[in-house]
Amino acid sequence: MDIQDLAGRVQSGERRALARAITLVESGRADHRAQAGALLDQLAPLGRQALRIGLSGTPGVGKSTFIEAFGMFLIGQGLKVAVLAVDPSSARSGGSILGDKTRMEQLSREKNAFIRPSPSQSQLGGVARRTREAVALCEAAGFDVVLIETVGVGQSETMVAEMSDLFLLLLAPAGGDELQGVKRGIMEIADLILVNKADGDLKQTAMRTCADYAGALRLLRKRAYDPAGFPKAMTVSAVTQDGLADAWAAIGELIDWRRANGYWDSRRAQQSRHWFEEDVRMGLLSVLNRKDTRARIETLGAQVAAGKLSASRAAEDILAHLRPTGEP
Ligand SMILES: Nc1nc2c(ncn2[C@@H]2O[C@H](COP(=O)(O)OP(=O)(O)OP(=O)(O)O)[C@@H](O)[C@H]2O)c(=O)[nH]1
Ligand SMILES: [Mg+2]
């Protein structure tokens with residue numbers, strides 16, 4: 001593969017080249033990893049930045065419908081929009097890709113849009129790196145907004161928030177007791193809560209739900225990187241498109257403020273640091289799972305169990321044995 005050529009095509013915004021480049025960074029093969037690294041190194045000096053928006057919500061809340069509507073809205077504003085999906089539960093991804101294909105029909109036909117379903121990977125650590133690299137590729141390809149969608153399950157939200165400039169939480173209209181169902185940790189990372197389906201019969205409930213969440217947000221600790229009034233809860237309808245312009249205006253207000261006050265840069269810097277340390281951690285873990293290491297752990301473990309070696313001596317032996325670059 002001619003990496004120089006691929007880099008040039010990505011840089012000029014060719015969607016097929018971008019798709020190929022993402023396939024490359026998704027590959028775990030050693031030679032592909034090397035090529036992916038070279039590609040990213042070539043593109044990095046461009047210094048292009050998109051607005052990275054993380055988006056989460058439980059199944060059925062309307063993520064796909066919202067992305068289709070919001071994506072079309074952004075394209076209408078003259079912006080180029082990339083959509084990446086993160087779904088660590090590989091069992092589900094087949095279904096969600098199918099769903100997205102039909103729900104994002106309009107957006108997927110737009111030349112200023114790029115939609116990439118989640119790679120079927122089960123390990124969150126690997127997904128994190130692949131997604132970060134895919135985001136970097138979309139930025140290099142000149143996209144203005146990168147939407148990173150994830151389903152509302154556990155760790156994947158924190159992971160996506162750690163690679164986003166802004167995190168949107170999509171919620172459904174619901175009775176008051178449902179509010180308890182949203183984990184505090186998720187509320188704490190949200191910059192904007194959008195109560196979707198604020199249309200028809202659900203409109204009144206959506207407005208009440210929105211008021212409930214606005215109240216809940218006010219109870220959270222104030223964050224230094226927020227202007228007054230944020231995090232905020234608003235109602236939207238992905239179906240009627242009501243509230244999309246207001247949501248975009250709120251995003252603009254928040255991002256402009258953060259840029260002007262140094263929080264955009266400091267957040268990205270902190271995130272880079274975080275991922276550096278995370279990659280080191282993942283690298284070490286993968287060495288721990290390497291065949292030769294496993295074998296040694298088995299051998300020493302048997303000796304420890306038999307009382308022939310102390311646990312701490314055996315651990316020292318293993319740690320001394322860990323050589324991240326060594327071949328199995
Ligand atoms: N009334 C109303 N229905 C909506 C709205 N947005 C989505 N829906 C409906 O809600 C259902 C689920 O929408 P999806 O967009 O597939 O939801 P999702 O969050 O992507 O679901 P998963 O991909 O399964 O996690 C569909 O039947 C949509 O038509 C909305 O704004 N108003
Ligand atoms: Mg969906």
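1. Confidence. This is a predicted model, and its mean pLDDT over the protein is 89, with 89% of the residues reaching 70 or more. The stretch to treat with reserve is residues 91–95, where the pLDDT is below 50 and where the model shows four contacts beyond near neighbours in sequence. Where pLDDT is low, the predicted coordinates should not be read in detail.

2. The sheet. Seven strands make up an open sheet with parallel pairing, and their order across it is β3-β2-β4-β1-β5-β6-β7. The edges are formed by β3 (113–116) and β7 (232–235), each of which pairs on one side only. From one strand to the next, the twist averages 20°.

3. Pairing of β4 with β2. Strand β4 (residues 145–151) runs parallel to β2 (residues 81–86), and six bridges join the two. Within this pairing, V81 has V145 of β4 as its bridge partner, and A85 stands opposite E149 of β4.

4. Pairing of β4 with β1. Strands β1 and β4 also pair in the parallel sense, here over seven bridges. One position to inspect is G57, which stands opposite V151 in β4.

5. Burial of β4. Why can β4 be described as largely enclosed by the rest of the structure? Seven of its seven residues are buried, so the description follows from the residue count itself. The burial applies to both faces of the strand: V145, L147, E149 and V151 lie on one side, V146, I148 and T150 lie on the other, and all are buried. The charged residue E149 is thus listed on the same side as V145, L147 and V151.

6. Helix α4 against the sheet. Helix α4 packs on the sheet, where it touches β1 (51–57), β2, β3, β4 and β5 (166–171). The direction of α4 makes about 160° with that of β2.

7. The surroundings of ligand 1. There are 20 residues around ligand 1, and those that come nearest are P59, G62, K63, S64 and T65. By class, the shell divides into six nonpolar, 10 polar and four charged residues. Two helices, α4 (63–76) and α5 (90–103), each supply at least two residues of this shell.

8. A point for the reader working on the ligand shell. Helix α5 spans residues 90–103 and contributes to the shell around ligand 1, while the pLDDT is below 50 over residues 91–95. Helix α4, the other helix named for the shell, is also the one that packs on the sheet.

Conventions:
Residues numbered from 1 in each chain as written. Chains lettered and ligands numbered in written order. Predicted model: local features only at pLDDT ≥ 70, side-chain atom pairs only at ≥ 80, totals over all residues. Near = placed C-beta within 6 Å. Helix = DSSP H or I, 4+ residues; strand = E, 2+ residues; numbered from the N terminus. Nonpolar A, V, L, I, M, F, W, Y, C, P; charged D, E, K, R; others polar. Pairing = 2+ DSSP bridges. Axes fitted to C-alpha atoms, helices over the stretch in contact; angles between N-to-C directions. Contact = placed C-beta atoms within 7 Å. Buried ≥ 20, exposed ≤ 12 C-beta atoms within 10 Å, placed from the backbone. pLDDT = per-residue confidence, 0-100.
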